[in-house]
Amino acid sequence: NGGHTTIVESYEGIEAAVITLNDGVVDLTSFDDGINGSSGSGSQSMSSESGVLVTINGGTLVMDASGDGLDSNGSLVMNDGTVIVFGPTNNGNGAIDYNGTFELKGGTLLAVGSSGMAEQASTSTQNTVLINFSGVAAGETVSIIDESGNIIVSVVAPKTFSSIVYSGTNLVNGDYILVSGGTTDATYTNNVSTMGNISSYTSIGTFSISQTITSFGSQSAQPGGT
């Protein structure tokens with residue numbers, strides 16, 4: 001409900017059948033999953049576990065996960081708040097993973113990781129985009145910008161990634177460019193910025209947003225699994 005929780009080292013950061021974040025700040029590092037909604041049964045089934053739910057109503061959640069990042073063996077609901085996921089580098093896991101549904105109703109979501117099992121929301125009331133691309137190395141800057149160079153979201157990669165999911169109120173219908181590098185006046189918090197301008201960048205690709213859920217690029221594996 002509040003406060004500042006820091007998990008400096010863990011196998012899985014927070015695991016329970018029902019997890020609800022209402023407010024406060026959670027900053028976690030995990031060897032496996034960051035947030036894991038699980039009944040604890042140990043089942044490897046890809047079907048949704050009854051009664052398992054991860055809900056984010058507010059606050060700030062930042063995670064560095066080597067396994068799945070935001071993971072539920074049941075369903076996910078995000079109503080508000082800020083979620084930043086620095087997810088896996090291997091294609092056997094995803095920055096976002098769920099077996100049921102992921103209802104995105106508000107807030108700001110950024111999830112980067114490998115592209116092999118990348119997932120985004122199943123339903124959304126605000127624009128969200130998933131882009132799989134050739135990838136960047138740790139230390140590189142990757143940004144989604146509009147045609148005038150204004151930042152929609154920009155992230156300084158703490159490790160390699162080839163997939164980015166973003167959703168926020170500033171992602172309106174229109175044309176965008178995924179870029180790397182460049183000169184920017186942006187200020188970064190938790191390696192992320194949603195304001196500023198970038199010039200002298202390298203274009204990775206262009207895309208357009210015309211509906212709430214949009215995906216670009218290809219996967220090397222099927223999403224799902226626990």
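Lys159 is buried, with a relative accessible area of 17%; buried here stands for under 20% relative accessible area, exposed for over 50%, and partly exposed for in between, with a 1.4 Å probe and protein chains only. The model is a predicted one, so to speak of local features pLDDT has to be at least 70, side-chain atom pairs count only at pLDDT 80 or more, and totals for chains, interfaces and linings use all residues. Numbering starts from 1 along each chain as its sequence is written, and side-chain values use heavy atoms, with hydrogens and water left out.

Back to Lys159: its side chain meets that of Asp64 in a salt bridge, at 2.7 Å from N to O. The rule for a salt bridge asks for a side-chain nitrogen of Lys or Arg within 4 Å of a carboxyl oxygen of Asp or Glu. Lys159 sits in the loop between strand S17 (151–156) and strand S18 (161–167), while Asp64 belongs to strand S7, so the pair ties together parts that are 95 residues apart in sequence. Strands, like helices, are DSSP runs numbered from the N terminus (E, at least two residues, for strands; H or I, at least four, for helices). Unlike its buried partner, Asp64 is partly exposed, at 28% relative accessible area. By this rule the count comes to 2 salt bridges. The other pairing joins the side chains of Glu103 and Lys105, at 3.6 Å from N to O. Glu103 is partly exposed at 28% relative accessibility, and Lys105 is partly exposed too, with a relative accessible area of 43%. In general terms, side chains of opposite charge can pair when their charged atoms come close.

Asp64 also leads into the strand pairing. In S10, its bridge partner is Phe86, and 5 bridges join strand S7 (residues 60–65) to S10, with the two running parallel. Pairing here needs at least two bridges found by DSSP between the strands. S10 also pairs with strand S13 (residues 108–113), again in the parallel sense and over 5 bridges; there, Val83 has Leu109 in S13 as its bridge partner. Of the 5 residues of strand S10 (residues 82–86), 4 are buried, so the strand is largely enclosed by the rest of the structure.

Glu103 has a strand neighbour as well: Val77 stands opposite Glu103 in S12. The strands concerned are S9 (residues 75–78) and S12 (residues 102–104), which run parallel and are joined by 3 bridges. Both appear in an open sheet of 5 strands with the order S3-S6-S9-S12-S14 and parallel pairing. Its edge strands are S3 (18–21) and S14 (123–124), each of which pairs on one side only. For the chain as a whole, the secondary structure comes to 0 helices and 24 strands.

Now for the nonpolar packing. A nonpolar core is a set of buried Ala, Val, Leu, Ile, Met, Phe, Trp, Tyr and Cys residues joined through side-chain atoms within 4.5 Å. The largest one has 26 residues, and the members that touch the most others are Ile35, Leu61, Leu70, Val83, Ile96, Phe102 and Leu109. Apart from it lies another core, of 24 residues, with Val62, Leu110, Ile152 and Leu178 among them. Setting aside neighbours within four places in sequence, Ile96 is in contact (heavy atoms within 4.5 Å) with Leu70, Leu76, Phe102, Leu109, Ala111, Met117, Glu119 and Val165. As a general tendency, nonpolar side chains in soluble globular proteins are buried together.

How does the chain look overall? Its radius of gyration, taken over C-alpha atoms, is 16 Å, which agrees with the value near 17 Å for a compact globule of 226 residues; the globule rule is 2.2 Å times the number of residues to the power 0.38. Along the principal axes, the C-alpha atoms fill a box of roughly 50 × 35 × 30 Å. Buried residues make up 52% of the 226 residues. Among contacts with a separation of 6 or more, 64% come from residues 24 or more positions apart.

Two loop residues other than glycine have positive phi values. For Asn191, phi is near 70°; this residue lies in the loop between strand S20 (183–184) and strand S21 (192–193) and is partly exposed at 31% relative accessible area. For Ser200, phi is near 55°. Ser200 is placed in the loop between strand S22 (198–199) and strand S23 (202–209), and counts as exposed at 65% relative accessibility.
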